[in-house]
Amino acid sequence: MMPHDHHDHLSPSGHPYRKDNDEPLTYWQCMEIAMRELLIEKGVTTATEIASQIDTMDARSPANGAAVVARSWVDPAFKARLLENASRASREMGFDIGTLRLIALENTEDIHNVVVCTLCSCYPRNLLGLPPDWYKTRAYRSRVVKEPRKVLAEFGLELPAETTVRVHDSTADMRYIVIPARPDGTENMTEEELAELVSRDSMIGTGIAKLPS
Amino acid sequence: MAERVRVKHMMPPGHVRAPAYLRGKTGFVERKLGAFGNPEQLAYGLPAEKIPLLRVRFSMAEVWGSDTEYPNDTLDAEIFAHWLEYPETHDAP
């Protein structure tokens with residue numbers, strides 16, 4: 001069972017149930033608080049600066065990646081630049097992605113790409129925001145490298161045997177974004193409308209782009 | 001002709017970013033990424049030497065055995081050069 005099947009953990013009102021954090025702090029939580037307080041005390045950073053960094057990270061969302069994908073669908077020259085150097089192409093669109101080293105992986109009729117980080121939870125946060133919880137689970141990380149098609153089927157994606165599945169393990173300094181295939185019947189849509197079809201999962205490779213409604 | 005490489009079969013202690021499931025496996029260089037600080041030193045706050053980083057592509061058959069369901073599906077991973085050796089062509093799997 002994949003970890004996103006959480007329907008048995010709903011409260012009576014239908015909201016996801018989450019326990020209060022009454023347990024004592026862990027060793028690393030204590031270390032984080034101590035380090036943060038020391039850095040503030042010594043004037044290296046300020047609480048405002050930390051809060052504003054958190055805001056910046058929270059403001060990043062899959063919509064940024066979706067805009068990049070939609071541009072690549074309508075502009076072949078941009079797509080070529082994106083496949084050549086995805087960091088530079090994302091900056092060209094005005095996204096401040098910091099030091100992110102991004103590689104774009106194009107899905108075609110014959111190839112389906114899917115991304116994982118088996119060692120931890122590497123994810124192109126500077127472009128797509130925070131990863132979904134399931135991306136960080138041992139179940140996803142250990143299974144998608146061994147039986148990717150079974151995992152994709154659990155996400156609702158059944159791939160034909162003729163399609164080659166390429167799994168990309170983010171083991172070091174690169175981060176990855178999948179460029180899903182542009183759906184049929186979208187010839188007359190604008191770039192902004194196309195971006196609406198690009199889901200977060202389609203850029204991880206556990207999904208495909210939505211069909212136009 | 002793509003360059004064939006094998007991930008060294010060693011189990012050193014410490015922070016290492018060559019995944020255990022790929023050690024001893026042979027693949028080919030998908031692309032070269034340039035040189036990056038060695039995470040085995042960076043993780044401990046030590047001065048880190050820059051080491052070439054390569055994307056290596058393995059077949060599922062190589063990683064999981066030939067009876068894997070889709071042997072031609074692939075796995076790509078970034079491996080630092082000091083973890084790679086260059087097998088002779090005659091010991092190709």
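The following exercises concern how chains A and B meet in this predicted model.

**Exercise 1.** Determine how many residues of each chain are in contact, and which elements of chain B give two or more residues to its side that touches chain A.

*Solution.*
Step 1. Contact is counted when C-beta atoms, placed from the backbone, lie within 7 Å. By this criterion, 17 residues of chain B are in contact with 16 residues of chain A.
Step 2. On the side of chain B that touches chain A, two elements give two or more residues: β2 (26–37) and β4 (74–80) of chain B.
Step 3. β4(B) gives the most to this side, with 6 residues.
Step 4. Sorted by class, this side of chain B has 11 nonpolar, 4 charged and 2 polar residues.

**Exercise 2.** Identify the strands that bridges join to β4(B), and state whether each pair runs parallel or antiparallel.

*Solution.*
Step 1. Strand β3 (residues 164–169) of chain A is joined to β4(B) by 4 bridges, and these two strands run parallel. One bridge can be located by its residues: A:Arg166 has B:Thr74 of β4(B) as its partner.
Step 2. Strand β3 (residues 50–59) of chain B is joined to β4(B) by 7 bridges, and here the strands run antiparallel. In this pair, B:Leu53 has B:Phe80 of β4(B) as its bridge partner.

**Exercise 3.** Give the order of the strands in the open sheet of 7 strands, and name its edge strands.

*Solution.*
Step 1. The order is β2(A)-β3(A)-β4(B)-β3(B)-β2(B)-β1(B)-β5(B), and the pairing is mixed.
Step 2. The edge strands are β2 (111–116) of chain A and β5 (84–85) of chain B, each of which pairs on one side only.

How values were computed:
Residues numbered from 1 in each chain as written. Chains lettered and ligands numbered in written order. Predicted model: local features only at pLDDT ≥ 70, side-chain atom pairs only at ≥ 80, totals over all residues. Nonpolar A, V, L, I, M, F, W, Y, C, P; charged D, E, K, R; others polar. Pairing = 2+ DSSP bridges.
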